[in-house]
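Colleague: Could you take me through one part of this model closely? I would like to look at a salt bridge and its partners, and then follow the chain outward from there.

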Amino acid sequence: MTRSGQEYLAALRDGREVWLDGERVRDVTAHPAFRSAAASFARLYELAADPALRPVLTQGGVHRAYAVPRSYEDLVARRHAYKAGAEAGFGFLGRTPDYMASGAAGFAALPGAFAAEDSDFDGGEHALAFHRRLAEGDLHCAFTLTDPPSGTGEDDLRIRAVQERDGGIVVRGAKSVGTGAVFADEILVGTIEPLAADDAEHALSFAVPVDTPGLKLISRSSYEQRARSVYDQPLSSRYDENDALLVCEDVFVPWERVLTYRSPAATAAMWWRTPAYLHLTHQSATRFWTKLEFLTGLAILVARSHGTEQVPAVTQAIGRLLGAVAQAKAFVLAAEASWEEVDGGRGGVRPGQEISFAQRIMAGELYPRVVQDIKLLAGGALIQLPASGRDLLHPELGPLVHQYFRTPGEPAEDRIKLLKLAWDALGSEFAGRHEQYERFYQGAPHVYLTMQTRAGAADACEALARACLDGYDLGTTGRTG
Ligand SMILES: Cc1cc2nc3c(=O)[nH]c(=O)nc-3n(C[C@H](O)[C@H](O)[C@H](O)COP(=O)(O)OP(=O)(O)OC[C@H]3O[C@@H](n4cnc5c(N)ncnc54)[C@H](O)[C@@H]3O)c2cc1C
């Protein structure tokens, strides 16, 4: 059943080991580095209680992202649910609970992928239990799939089992980048880059509660903590979903929580044979589209505030941004329309592979361009802003700020508010992190480009080029028609 925001927040007060700035954080829901983002995640949980949104967000009493889609219509319904969640965070919360929920539904569609010939371990039942546990508890699950730079043997920093015990394994090592991990109930640890066929040692995947003894999260610096106020940094202050390094210091993982073990083939297949990666991409492509809508809306408001909205070059720049929004939308709709049945699955369908991998390529390239285009429209006004809203409120300075920051038809308070939001979205440290996020959040380019070379229409492309070549030969030398 779906949880309330308060139930979600209460579950985060579990003694989890989060470190920030040389300090052990006792309670992420109360700490100034995390509490507003935790509240933003809690608000997402509240959405399901809204009578208007409940039919959009849920199916059979649980979030719709958990339902294994069985038709094109199911994919469309999932997208509507993703969109409602994405709009609540204006596209800036990447690792919302429906993200991993969609991946879990992908695992449940093909549990057979959790067994492979290179290992006796079969995690299929555990994957189904993982999906059930998350759905029934309405849990927020983060994941870490990237290895730290590492050698082997004594210097090995990568996650591996150091002991098999009665009932489970003991794991040691680190993984990055745990986006949202400090706000999650569980964390899924795995590997997204294919491992060498003989690397059984690092070929494992498991999911454990974040408060598991020995599990530590080392947080990056908090943008939320450094934000002066909501008025001054409206996004950094409320939507800093955080990224943390996961360190496992001899963490005991019961067998029932192990998904793949000593199997490079199954460790890769859980992402690439099941539709998990494609469902994750469907969710995040919908979020991306929403984020571009938000940024384009900002651009329109900034141009209006500047009084440049009717300048032809500005109108065209807005047109280019609206084209980017349509492009982002088109990838979502096309991935749905090109749906495929899950090979060897249990009647599930997945968004089309070719379009989904292409979305990853497109989004990583488009996002920086959109940010750049809006910065060009906005100009120096993004920088020339009072340090904080306190300048406006000051009895002596306030009237001066009100006088010199207003434009015809727009009071200074509103213009500064808009431009501060724009800077937070486009130029702040929070914004820089988002640019990196859109490029890397689901693996590095060489990972999804490789997948595209397999899923893309290489044969059709080659055939067309070949047809042209086959249409003439050396005998045409000297002729032009
Ligand atoms: C803000 C942010 C949030 C993230 N959140 C998460 C998360 O929640 N969970 C998670 O698991 N991961 C997350 N990631 C991590 C992401 O999965 C990794 O950044 C990604 O897999 C790339 O790994 P890397 O950073 O170690 O880069 P590297 O693999 O070191 O790559 C660095 C650069 O070198 C290139 N390169 C490296 N090896 C090759 C090669 N063999 N061939 C060609 N080019 C190569 C890459 O393409 C890239 O451009 C996040 C990343 C960012 C930036």
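Modeller: Start with Glu-429. Its relative accessibility is 44%, so Glu-429 counts as partly exposed. Keep in mind that this is a predicted model. The side chain of Glu-429 meets that of Arg-226 in a salt bridge, at 2.8 Å from N to O. Side chains of opposite charge can pair when their charged atoms come close. Now place the two partners. Arg-226 is in helix 7, and Glu-429 is in helix 15, residues 429-440. The pair links distant parts of the chain, 203 residues apart. What about cover? Arg-226 has a relative accessibility of 47%, so Arg-226 is also partly exposed.

Stay with helix 7, residues 223-226. On one side of helix 7 is the loop from strand 10 (215-219), and this loop holds Arg-220. On the other side is the loop to strand 11, and that loop holds Asp-240. These two residues are 20 residues apart, yet they pair. Their side chains meet in a salt bridge of 2.7 Å, N to O. Is this pair buried or exposed? Both Asp-240 and Arg-220 are buried. Buried means under 20% relative accessible area. The pair does not stand alone. Arg-220, Asp-240, Glu-241, Asp-243 and Arg-433 are linked in a network of salt bridges.

How many salt bridges does the structure hold? It holds 28. Take one more of them. Glu-186 and Arg-257 meet through their side chains, at 3.3 Å from N to O. Glu-186 is in strand 8 (residues 186-189), while Arg-257 is in the loop between strand 11 and strand 12, so this salt bridge ties together parts that are 71 residues apart in sequence. Glu-186 has a relative accessible area of 3%, so it is buried. Arg-257 has 17%, so it is buried as well.

Go back to strand 11, which covers residues 243-254. Leu-245 lies in this strand. Leu-245 joins Trp-19 and Ile-218 in a nonpolar surface patch of about 240 Å². How can Leu-245 be part of a surface patch? Its relative accessibility is 31%, so it counts as partly exposed. Patch residues need over 30% relative accessible area, and they have no salt bridge.

Next, look at the backbone. Most residues other than glycine have a negative phi, and most peptide bonds are trans. Some places here break that pattern. Asp-21 is not a glycine, but its phi is positive, about 55°. Asp-21 is in the loop between strand 1 (17-20) and strand 2 (23-25). Its relative accessible area is 72%, so Asp-21 is exposed. Arg-262 is another case, with a positive phi of about 55° although it is not a glycine. Look for Arg-262 in the loop between strand 12 (258-261) and helix 8 (264-272). Arg-262 is partly exposed, because its relative accessibility is 40%. The peptide bond between Ser-176 and Val-177 is cis, with omega at about -10°. Val-177 belongs to strand 7, residues 168-179.

Now for the helices. Two packed helices are described by the angle between their axes and the distance between the axes. Begin with helix 9 (residues 276-306) and helix 10 (residues 312-337). Their axes come within 9 Å and cross at roughly 165°. That makes helix 9 roughly antiparallel to helix 10, because the angle is over 145 degrees. The crossing of helix 9 past helix 10 is left-handed.

Helix 10 also packs with helix 11, residues 353-378. Here the angle is about 160°, and the axes are 10 Å apart. Helix 10 and helix 11 are therefore roughly antiparallel to each other. Helix 10 passes helix 11 in a left-handed crossing, too.

End in helix 11, at Gln-372. Gln-372 has a relative accessible area of 44%, so it is partly exposed. What is the separation between the C-alpha atoms of Gln-372 and Leu-426? It is 8.2 Å, although the two residues are 54 residues apart along the chain.

Conventions
Residues are numbered from 1 along each chain as its sequence is written. This is a predicted model: local features need pLDDT of at least 70, side-chain atom pairs count only at pLDDT 80 or more; totals for chains, interfaces and linings use all residues. Side-chain values use heavy atoms; hydrogens and water are left out. Patches are made of residues with over 30% relative accessible area and no salt bridge: like charges are joined within 9 Å, nonpolar side chains (Val, Leu, Ile, Met, Phe, Trp, Tyr) within 5 Å. Accessible areas come from the Shrake-Rupley method with a 1.4 Å probe; for residues, only the protein chains shown count as cover. A salt bridge is a side-chain nitrogen of Lys or Arg within 4 Å of a carboxyl oxygen of Asp or Glu. Helices (H or I, at least four residues) and strands (E, at least two) are DSSP runs, numbered from the N terminus. Buried means under 20% relative accessible area, exposed over 50%, partly exposed in between (1.4 Å probe, protein chains only). Axes are lines fitted to C-alpha atoms, for helices over the stretch in contact, and angles run from 0 to 180 degrees between N-to-C directions. Angles under 35 degrees count as roughly parallel, over 145 as roughly antiparallel, 65 to 115 as roughly perpendicular and the rest as oblique. A crossing is left-handed if the near helix is turned anticlockwise from the far one by less than a right angle, and right-handed if clockwise.
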